[in-house]
Amino acid sequence: MPAANNNIEKLIKVFDATATRYLSELEEEGEVCEVSIKVIQRLRGLSH
């Protein structure tokens, strides 16, 4: 998860611990089980 975590951190402009917590919470809730590079790229496209 480190690569995805780093991408999320940069994408939503939060610290590493915050990105880790967000991803962990989403995983616990069953919202995500894996974040792919394609998802990150799509999110980047939406944020511009």
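**Exercise 1. In which loop does Lys13 lie, and between which helices is that loop found?**

Solution. The model used in these exercises is predicted. Begin with the position in the chain: Lys13 belongs to the loop between helix H1 (2-11) and H2. Next, consider the backbone, where Lys13 has a positive phi of about 55° although this residue is not a glycine. Finally, turn to the surface: the relative accessible area of Lys13 is 74%, and because exposed means over 50%, Lys13 is classed as exposed.

**Exercise 2. Describe the overall build of the protein chain, starting from its helices and strands.**

Solution. As a first step, count the elements, which gives three helices and zero strands. As a second step, read them along the sequence, and the pattern α-α-α appears. As a third step, look at burial: of the 48 residues in the protein chain, 19% are buried. As a last step, take the accessible surface, which comes to about 3900 Å², with 55% of it belonging to carbon and sulfur atoms.

**Exercise 3. Find the partner with which Arg21 forms a salt bridge, and place both residues in the fold.**

Solution. Start with the atoms: the closest N and O atoms of Arg21 and Glu25 are 3.9 Å apart. Since the cut-off for a salt bridge is within 4 Å, the pair qualifies, and the count for the structure comes to one salt bridge. Now place the two residues, which both lie in helix H2 (residues 16-28) and are four residues apart, about one turn of the helix. To finish, compare each with the limits for partly exposed residues, which run between 20% and 50%: Arg21 has a relative accessible area of 42% and is therefore partly exposed, and Glu25, at 37%, is also partly exposed.

**Exercise 4. Which residues gather in a patch of negative charge on the surface?**

Solution. The patch is formed by Glu27, Glu28, Glu29 and Glu31. Take one of them, Glu29, as an example: this residue is in the loop between H2 and helix H3 (37-47). Its relative accessibility is 55%, so Glu29 counts as exposed.

**Exercise 5. How many residues apart in sequence are Val39 and Ala4, and what is their C-alpha to C-alpha distance in space?**

Solution. First locate Val39, which lies in helix H3 and counts as partly exposed at 38% relative accessibility. Then work out the separation along the chain, where Val39 and Ala4 are 35 residues apart in sequence. In space, measuring from C-alpha to C-alpha, Val39 and Ala4 are 9.7 Å apart.

Terms used: Residues numbered from 1 in each chain as written. Predicted model: local features only at pLDDT ≥ 70, side-chain atom pairs only at ≥ 80, totals over all residues. Heavy atoms only, no water. Salt bridge = Lys/Arg side-chain N within 4 Å of Asp/Glu carboxyl O. Buried < 20%, exposed > 50% of the residue type's maximum accessible area, 1.4 Å probe, protein only. Areas by Shrake-Rupley, 256 points an atom, 1.4 Å probe, with all protein chains shown as cover. Patch = residues over 30% accessible without salt bridge, like charges linked within 9 Å, V, L, I, M, F, W, Y side chains within 5 Å. Lys, Arg positive; Asp, Glu negative; His and termini not counted. Charge placed at Lys NZ, Arg CZ, Asp CG, Glu CD.
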